[in-house]
Number of protein chains: 2
Amino acid sequence: MQFKAPKGTRDFFPDDMVLRRWIMKQWDDVSLRNGFVEYDGPIFEDLDLYRVKSGDEIVDQLFHFTDRGGRGLAIRPEMTPTLARMIAVRANALPKPIKWYSQPRLCRAERPQRGRLREFFQWNVDIIGESSEIADAECIFVLIDFMRKVGLSPEHVEVKLNSRAIVSALLDAAQISIQQQSAVYAALDKRDKLSAEAFEALLAKIDLNTSQKNILAQFADACDADGLDRIAEFLRESSVATEGCDAVRRVLDLLDAFGVGGYCRFDMGVVRGLAYYTGIVFEAFGKGGLKRAVGGGGRYDRLIEDMGGPTIGAVGFATSDVVLADLLNEFDRLPSQECELDFFVIDADPSVFETVLHVTASLRERGMSAVFSYQRQGVGKQFKQAAAKNANRVVIVEADIASTRKISVKDMAHSKQATLELDAFLADPMQQIE
Amino acid sequence: MQFKAPKGTRDFFPDDMVLRRWIMKQWDDVSLRNGFVEYDGPIFEDLDLYRVKSGDEIVDQLFHFTDRGGRGLAIRPEMTPTLARMIAVRANALPKPIKWYSQPRLCRAERPQRGRLREFFQWNVDIIGESSEIADAECIFVLIDFMRKVGLSPEHVEVKLNSRAIVSALLDAAQISIQQQSAVYAALDKRDKLSAEAFEALLAKIDLNTSQKNILAQFADACDADGLDRIAEFLRESSVATEGCDAVRRVLDLLDAFGVGGYCRFDMGVVRGLAYYTGIVFEAFGKGGLKRAVGGGGRYDRLIEDMGGPTIGAVGFATSDVVLADLLNEFDRLPSQECELDFFVIDADPSVFETVLHVTASLRERGMSAVFSYQRQGVGKQFKQAAAKNANRVVIVEADIASTRKISVKDMAHSKQATLELDAFLADPMQQIE
């Protein structure tokens, strides 16, 4: 009987794993250098944890089950509920700002498609306990710091910012009812994936009058500083909107001071689907052929309170290994995947095999990677194995090792070879070979 | 509404996470230096993958569910079926020996108890495609290499070896029927956790005659080389047993050559519960108060064929973060968990805050970890924050930075301070401070 990986999931053969580990190492490095510490939670949570935040309709998108005690459980589809739950417990004890990151494995019971699998890894970065725009700006900086580190410039990727305050003030100004707003949010969120006609058609389904449609048509695709000024002027009567516009300007100024302003601009098209955002929202976009969000987030100042914690400001973003691998691949920024091996230890005669084991074990104990042939065979065949494994150096244990106490070491890259005292070699295995 | 982590699972707050990452880094380091490459599979698999190997009774111990297409799925309770499935696909294409490791998150729907949680991480190490005892010995060496690396000597931990061939030959010699053998295996497996009386009671439940009980009583607790000789002598008519005894001796000799013989001995008490082992079996035991297996494995030469792959020899072991943390804690081998920070950047005046952001971003770009205060406040308070974060160095941006282009750097550990050109500092942030 032969089995395959379940639909929408991936097997990570060693080559795939090198790539996944490389991406996650960049997440680690960037998080740590920005002063974040790592956390994690269980792979499954109480089903109610997701219901509280997203309602019953979320259940269909989850892999859920009951344990023997009849508790409803679900494999985590996102990390923020877990984060909010954990923060709710310790929020008062932790020094602020709380700067946490995570690299969760997540599962969603959705139809697999390009860039969307049923199982994937996310990088989650959150700053909790700070309400000022410094936190929003630092959060966005971290995402851009990653892009810079992996070699993506403003030519390859941009970060679009908006504020939920501006969007809701605009919908209020257009007198769009609360009942219609969620449908309009959803339409705006899809705006940049649709043609003008398709966007019109989507709006037509929401029962809007001509004046309402005109306002949306006028401002829905506003972007950059001019567009922001136009909206601020149109909404100048609304203190909520004015504050929202000022917040976006302050975040952009801070990102300039961080030296990454060139990646960023205002864009009214960024709305973010999730219900819990309350302020600044942002998305990173690949500028190549993929034309897709490759990460995003925003401010969610009420979620932790909803999870039983204190009232505390929070901002964060997420991105996934799947979309990032596509993006990096498009711009040829994936690393080469050669495995390296420090030493391959060869016997010149089967009688000295025990010394091969001794030398190998000693090298490993000193932190070097070292292997040997499982087959007792000729030196030439063993050298071939060493080359196939990309060994940097080959150690040859000669048949007369017991009397000479000497071994030969060959530097494979430079084709240099030397005969060394065994003990001196083991004391300093990477010594220069003349 | 307040939520907790589900029963039997753990939240990893940053301190817990440092510990988990440290353990997993040892797994990585030891695997790589022994010439293994990493793989992984999905967190859930076809339910049938586990049924094929372990029968329907396994289903109760799994967290299982169906997707919208009605497929039965289960969160993985162990890694070997996934490994066997993946190897079955590529076995013919991969050069031998295949030396793979993994660090899977696993879940089991069992009653949580000390050292056993519903969710945990395992280190899986397997060598596939080599039938000789070299593979068994190298596999065991890897487990001991880990123990050595984390500071555990033969005083703290030992590895007990046996062979399934010896056990089954002994049960055959005692004329214990196939039907009774699995109950006897289970009893032997629990032997070292039970008093002599409790073991007797367990055997009494299996309908054995006096002669059968005597044979078990005589050999069940045989250990070390003498015990092995006694069993070999008793079973000298059985070629299977003789081969099994020779295999155990060869593995012990190879482990001597590897330099770790001091950790290892034969022990008839090691049986291993899992049905799929076919040859050498082994367990690592903590010698302290815990008296518990902290890792184990063996040879399973038929499993990959059962999963639709070729007939191919395989040997492997697993251990978990939970038991290893207990073991390391008992012998005080856990690392201290101080987070370190390279730089904390302070403004001497709020007017130079933008320079603080510029300096911080530049340090991060050079790979240094660097943070700053979100609050504009006095230098003394910012220094307190820097100390609370264990910053190695503090950078002070003075109010006159625009005219001087100089900053002050303080080495916190050595209480040394210097004034440096900003550009020279950024070009070499870790330069010696006199």
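1. In this predicted model, helix H13 of chain B, made of residues 353-365, lies across three strands of chain B, namely E13 (341-347), E14 and E15 (391-397). Its direction relative to E13(B) is given by an angle of about 165°. H13(B) returns below in connection with the contact between the chains, since H13(B) gives the most to the side of chain B that touches chain A, with six residues.

2. The strands under H13(B) deserve a description of their own. E14, E13, E15, E16 and E17 of chain B, in that order, make up an open sheet of five strands, and the pairing within this sheet is mixed. Strand E14 (370-372) and strand E17 (416-421) of chain B each have a single partner strand and stand at the edges, so one side of each is left without a neighbour in the sheet. From one strand to the next, the twist averages 25°.

3. At the E17 edge of that sheet, the pairing can be followed residue by residue. Strand E16 of chain B, which covers residues 406-411, pairs with E17(B) in the antiparallel sense, and six bridges connect the two. Within this pairing, Asp411(B) is found opposite Lys416(B) of E17(B).

4. A second sheet in chain B is open as well and has three strands in the order E2-E4-E3, with antiparallel pairing. E2 and E3 of chain B are the edge strands, each of which pairs on one side only. Neighbouring strands in this sheet are turned against each other by 35° on average, if direction is ignored. Helix H2 of chain B (residues 47-54) lies across E2, E3 and E4 of chain B, and it runs at about 75° to E4(B).

5. Both pairings of E4(B) can be set out in detail. Strand E2 of chain B (residues 44-46) is joined to strand E4 of chain B (residues 72-75) by three bridges, and the two run antiparallel. Here Glu45(B) stands opposite Ala74(B), while Asp46(B) has Leu73(B) as its bridge partner in E4(B). Strand E3 of chain B (residues 64-66) is likewise antiparallel to E4(B), with three bridges between them, and Thr66(B) stands opposite Gly72(B). E3(B) and E4(B) form a hairpin in which five residues lie between the strands, and in the turn Gly70(B) has a positive phi of about 80°.

6. How are the two copies related in space? A turn of 180° with a shift of 0.0 Å along the axis lays chain B on chain A, and the RMSD is 0.0 Å. The two copies are thus related as by a two-fold rotation axis. In chain B, the C-alpha nearest this axis belongs to Phe65(B), at 2.8 Å from it. The same surface serves both copies, in that 100% of the contact residues of chain B recur in chain A.

7. As to the extent of the contact between the chains, 73 residues of chain B are in contact with 73 residues of chain A. Among the elements on the chain B side, H13(B) contributes the most, with six residues. Sorted by class, the side of chain B that touches chain A holds 42 nonpolar, twelve polar and 19 charged residues.

8. Helix packing in chain A is illustrated by H9 (residues 224-234) and H10 (residues 239-257), whose axes come within 9 Å and cross at roughly 160°. That angle makes H9(A) roughly antiparallel to H10(A). H9(A) passes H10(A) in a left-handed crossing. In this contact, Leu228(A), Ile231(A) and Ala232(A) of H9(A) meet Thr242(A), Cys245(A) and Val248(A) of H10(A). The contact of H9(A) with H10(A) has, by class, five nonpolar residues, one polar residue and no charged residues.

9. In chain B, H4 (residues 133-149) and H10 (residues 239-257) pack at an angle of about 50°, their axes being 9 Å apart. H4(B) and H10(B) are therefore oblique to each other, and their crossing is right-handed. Residues of H4(B) in this contact include Glu133(B), Asp136(B), Ile140(B) and Phe141(B), and those of H10(B) include Arg250(B), Val251(B) and Leu254(B). By class, the contact of H4(B) with H10(B) comprises eight nonpolar, no polar and three charged residues.

Technical notes. Residues are numbered from 1 along each chain as its sequence is written. Chains are lettered from A and ligands numbered from 1 in the order in which they are written. This is a predicted model: local features need pLDDT of at least 70, side-chain atom pairs count only at pLDDT 80 or more; totals for chains, interfaces and linings use all residues. Two strands pair if DSSP finds at least two bridges between them. Helices (H or I, at least four residues) and strands (E, at least two) are DSSP runs, numbered from the N terminus. Copies are superposed by least squares on the C-alpha atoms of residues with pLDDT of at least 70 in both. Two residues are in contact if their C-beta atoms, placed from the backbone, lie within 7 Å. Axes are lines fitted to C-alpha atoms, for helices over the stretch in contact, and angles run from 0 to 180 degrees between N-to-C directions. Angles under 35 degrees count as roughly parallel, over 145 as roughly antiparallel, 65 to 115 as roughly perpendicular and the rest as oblique. A crossing is left-handed if the near helix is turned anticlockwise from the far one by less than a right angle, and right-handed if clockwise. Ala, Val, Leu, Ile, Met, Phe, Trp, Tyr, Cys and Pro count as nonpolar, Asp, Glu, Lys and Arg as charged, and the others, Gly among them, as polar.
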